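Visitor: I should like a close look at a single pocket, followed by the backbone details that deserve attention elsewhere in the chain. Please be exact about the terms.

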Amino acid sequence: MKTFCGRANPTTGSMEWTEEDENYDYHQEIARSRYADMLHDKDRNVKYYQGIRAAVSRVKERGEKAIVLDIGTGTGLLSMMAASAGADFCYAIEVFKPMANAAVKIVEKNGFCDKIKVINKHSTEVTVGPDGDMQCRANILVTELFDTELIGEGALPTYEHAHKYLVQEGCEAVPHRATVYVQLVESKRMWSWNKLFPVHVEAEDGEKIIVSPSEMENCPGVPSVCDIQLNQMPSSDFTILSNVMTMFSVDFSKPVRSASTCYRVQLEPVKSGKAQIVLSWWDIDMDPSGMINCTMAPYWVKSTSAFQWRDHWMQCVYFLPNEEPVLQGEKVYLTACRDEYSVWYKLQKARGEEEDKADVRVESPVCRCQAHLLWNRPRFGELNDQNRTCQYIKSLTKVLKTDSVCLCISDGSLLPVLAHYLGAKQVHPSKIDLYHPDEFFKANHLEDKIKIIEFFFELLTSSLLEDKKISVLVGEPFFTTSLLPWHNLYFWYARTAMTSHLTSNVTVLPQSASLHMMIVEFQDLWRIRSPCGTCEGFDVQTMDDMIKNSLNFRESKEAEPHPLWEYPCKSLSDPQLVLTFDFRETVPQHCLSTEGSVNLLRKGKSHGAVLWMEYHLAADISVSTGLMQVSNEKGNCEWNPHCKQAVYFFSSVIESETLSDLPSAVTYAINFNTKTGEIAMDFKL
Ligand code: SAH
């Protein structure tokens, strides 16, 4: 069987569908999965084990046989815990075939074949009865079906079904209960991920302000959760407006209802300010006493001793539909609504006692302005970065003349508007998916001044350009289809394809780009790619082998994108320029490759290399999409907070405790294939 996989082609900027081997999806899923991260989550594992032991003993004390249902068994870990704790039998359900196969092997290797039956089905397909998958209903329900938002992976409908058909009434559930917490905050930084702030442009004829259309100002946005490593958000970047409140909880030992519902809490702001954001996280109590608790609370809420790094569960940022001023001590209502899979919030000023509960219903937000569909949260942040905008303004000022005919190539970009204000005679933004351009230009009274050309660059014709040649070609560059930093080199391909429409002395901005690389030691991110060996005494090496095999599938020596502001690391080498791309010239026919070595300057573990692009807008003006600075002698790095960087994990880690045993260098070979637009790399330690 073949499957089709969508992938953006960096040489054309468009999505292409390629036919892949049926194993392709599996390997992608396993290689990039969070199983390793879960198995490294000591806090989670220990608490599940304690909760499972307690549940098994409660059932045994009642004189019953302990029959366990483990929904979503993954490696089989929780079933093996139950069997070790004395459970009489476990039904381990796993829908994902490669994982179910792995679970069979792991269960066998650990000697639990007679106690654990792995069933490769979705739990809603499981049958009970003498000829069924399960002989009888279970009296212990064990699951780990939660995501950062708790319910996003479908835990509620799965529980609802399990209580109806698969477990006995009064069953023990591990976890026993989940509770969702919220805290109201004001944060310019996080709000800038959701609304476009006015952009200030110093033009020759005075300051201009670019504003967003009212439709966008008032747009409630999209309900999709913004999940981040909130522990990397410094406390100076937000103001707490309320105490931590319990929003709602779910008791998993009782029938669960997945139907849409709302919850409301009254809160008394501890500070006056602009309510913009609801920060949220959850905890799970593994047993009814609440003594075995696993929490995602961020650093300012929980004691440092409880800290466990994890990437499979983080914290949620919810944007209120609009910012609301709140006054200290003046009560407000916060409403959380949820459907089966997602949660959204609304803030209301307190009203009278007689308030009708039905009034509380809040519809799921629907983006009306389209910007929330086309710009993701980091992109909003990037467009709101006034420092970055300043660099573009400065360089546009340098290159634009009153007779410039300017074409912009970037998705959903403000460059056309900037270029217009900075004096270009004629400005043409390109690409059809520019966010609602008409509305945007109208709000800024530019509708007659900027002509949008809808085209794919291959189809650009002289008549579309009114027989003029382009004298200034600009790009940020930024394209929504880019996954890795170098995918924005699509700008170079577009520039090449439209060469015949450019004047002979065209100015291209950026004039060039460069790829930079640095060897780093991660504080925690290394865990997601590190083998586990054993987990709570169980041999899970089969899983390690499986991940390794998937990573090696088709020998893909691939880097992966990560937003490194969320994942602290320290530099072990100086940043090194590895390749440059000259946009003043067309894309060459031959590949661009480089080899070299980079010196290790600090002791530490070389987990991998980080790669990023820098764009040279004009002489002396550059923007970095990666490293901003190395902040101290320890080598702590500061990364561009709006971009993902490319991380290449080394398959073996070199470790040095002292400077004297430090291997002096890492050698590398990096190749940019101009035919495919992809970069392949190899490192030797
Ligand atoms: N229990 C393991 C793995 C948890 S990951 C552990 O704690 O380490 C969750 C797993 O549940 C995934 O492998 C996913 O494929 C599976 N899954 C999710 N919903 C399911 C359902 N309703 N039925 C069967 N498997 C499910």
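Guide: The pocket is described below, and then selected helices, turns and strands.

The model is predicted, with local features requiring a pLDDT of at least 70 and side-chain atom pairs a pLDDT of 80 or more, while totals for chains, interfaces and linings use all residues. Numbering starts from 1 along each chain as its sequence is written, and side-chain values rest on heavy atoms, without hydrogens or water.

The second largest pocket encloses about 820 Å³ of space. A pocket here is an open set of points on a 1 Å grid over the protein atoms alone, where a 1.4 Å probe fits and protein lies on both sides within 12 Å along at least five of seven lines; a lining residue has an atom within 4 Å of a point. Points are joined across faces, edges and corners, and the volume is the space filled by probe spheres set on them. The lining of this pocket comprises 35 residues, of which Y35, M38, E144, L145 and E153 are the closest to its centre. Two or more lining residues come from each of α2 (35-39), β3 (67-71), α4 (77-84) and α6 (155-165). These labels denote DSSP runs numbered from the N terminus: helices are H or I with at least four residues, and strands are E with at least two. The largest share, three residues, belongs to α2.

By class, 14 of the lining residues are nonpolar, 11 polar and 10 charged. Ala, Val, Leu, Ile, Met, Phe, Trp, Tyr, Cys and Pro count as nonpolar; Asp, Glu, Lys and Arg count as charged; the others, Gly among them, count as polar. Domain 2 (34-144) and domain 3 (178-201 + 212-366) each supply at least three lining residues, the bounds being those of an automatic or database domain assignment.

The backbone offers several further details. L150 sits in the loop between β6 (138-143) and α6, and its phi is near 75°, a positive value in a residue other than glycine. L150 is buried, with a relative accessible area of 2%. Buried means under 20% relative accessible area, exposed over 50%, and partly exposed in between, with a 1.4 Å probe and protein chains only. Q370, in the loop between β19 (343-349) and α9 (371-374), likewise has a positive phi near 75°, but it counts as partly exposed at 35% relative accessibility. Most residues other than glycine have a negative phi, and most peptide bonds are trans. A cis bond joins V174 and P175, with omega about 0°; P175 is in the loop between β7 (167-174) and β8 (177-186). Another cis bond joins E476 and P477, with omega about -15°, and P477 lies between β22 (470-474) and α14 (490-497).

Two helices may be compared with their expected spans, taken as 1.5 Å times one less than the number of residues. The 20 residues of α3 (residues 42-61) should span 28 Å, which agrees with the 28 Å between its end C-alpha atoms. Its buried residues include Y48, Y49, I52, A55, V56 and V59. Just after α3, G63 has a positive phi of about 80°. Helix α5 (residues 97-109), with 13 residues, reaches 18 Å from first to last C-alpha, close to the expected 18 Å. P98, M99, A100, A102, A103, I106 and V107 are buried in α5, and G111, just after that helix, has a positive phi of about 75°.

Among the strands, β9 (residues 199-203) has a covered face of V199, V201 and A203 and an uncovered face of H200 and E202. Strands pair if DSSP finds at least two bridges between them. β9 pairs with β10 (residues 206-210) in the antiparallel sense over five bridges, with H200 opposite I209, and a hairpin of two residues joins β9 to β10.

Strand β31 (residues 604-618) is largely enclosed by the rest of the structure, because 14 of its 15 residues are buried. β31 runs antiparallel to β24 (512-522), joined by nine bridges; V520 has G608 of β31 as its bridge partner. β31 also pairs antiparallel with β32 (residues 621-624) over four bridges, and H616 stands opposite S622. Two residues lie between the strands of the β31 and β32 hairpin, in which D620 has a positive phi near 70°.
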